[in-house]
Amino acid sequence: MERRRSRILASLSDTFWILVLAVVALFAFFVALGAFSPGEVVALTLVVIVLAVLWVAHAVWDSRHRDAHDPAVIRARERRGF
């Protein structure tokens, strides 16, 4: 039961960070398209900047603290016989 809960929380966390990145990318797309100027929507711009900083901080933290021995990679390698 605990393993299942851990997998669900990991999936939800990954989904959340993907959605954060999508919001930042969508904002950048609309700014590049000329739909609005960041100066026109200051509150939205600040929210997107905060989200971008949070995503970068999460990505850096995750890259430094990720286990180098990913169980899925190890299983796949052992299955192939390497």
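At 55% relative accessibility, Leu33 counts as exposed, because the cut-off for that class is a relative accessible area over 50%. The model in which this residue is seen is a predicted one, and Leu33 is found there in helix H1. Leu33 also belongs to a nonpolar patch on the surface, which it forms with Leu26, Phe29 and Phe30. Together these four residues have about 390 Å² of accessible area.

Another residue of helix H1 is Trp17, which counts as buried at 18% relative accessibility, since buried means under 20% relative accessible area. Trp17 and Leu54 are 37 residues apart along the chain, and their C-alpha atoms are separated by 9.3 Å. A third residue, Arg77, has its place in helix H3 and is partly exposed, with a relative accessible area of 36%; that value falls between the limits for buried and exposed, which are under 20% and over 50%. The table sets these three residues side by side.

| Residue | Helix | Relative accessible area | Class |
|---|---|---|---|
| Trp17 | H1 | 18% | buried |
| Arg77 | H3 | 36% | partly exposed |
| Leu33 | H1 | 55% | exposed |

Arg77 leads on to a second surface feature, a patch of positive charge in which it gathers with Arg3, Arg4, Arg7, Arg75, Arg79 and Arg80. Helix H1, which runs over residues 2-33, and helix H3, which runs over residues 71-80, each supply at least two residues of this positive patch, and the largest share, 4 residues, comes from H3. For the charges of the protein as a whole, the mean position of the 10 positive ones and that of the 7 negative ones are 9 Å apart.

The overall build can be described next. The protein has 3 helices and 0 strands, and read along the sequence it follows the pattern α-α-α. Its radius of gyration is 18 Å, well over the 12 Å that the globule rule gives for 82 residues, so the protein is more spread out than a compact globule. Taken along the principal axes, the box filled by the C-alpha atoms is roughly 55 × 30 × 20 Å.

Burial and surface can be given for the whole chain as well. Of the 82 residues of the protein, 9% count as buried, and Trp17, described above, is a buried residue. The protein exposes about 7,000 Å², and carbon and sulfur atoms supply 67% of that area.

Notes
Residues are numbered from 1 along each chain as its sequence is written. This is a predicted model: local features need pLDDT of at least 70, side-chain atom pairs count only at pLDDT 80 or more; totals for chains, interfaces and linings use all residues. Side-chain values use heavy atoms; hydrogens and water are left out. Patches are made of residues with over 30% relative accessible area and no salt bridge: like charges are joined within 9 Å, nonpolar side chains (Val, Leu, Ile, Met, Phe, Trp, Tyr) within 5 Å. Accessible areas come from the Shrake-Rupley method with a 1.4 Å probe; for residues, only the protein chains shown count as cover. A salt bridge is a side-chain nitrogen of Lys or Arg within 4 Å of a carboxyl oxygen of Asp or Glu. Lys and Arg count as positive and Asp and Glu as negative; His and the chain ends are not counted. The place of a charge is taken as NZ of Lys, CZ of Arg, CG of Asp or CD of Glu. Buried means under 20% relative accessible area, exposed over 50%, partly exposed in between (1.4 Å probe, protein chains only). The radius of gyration is taken over C-alpha atoms; the globule rule is 2.2 Å times the number of residues to the power 0.38.
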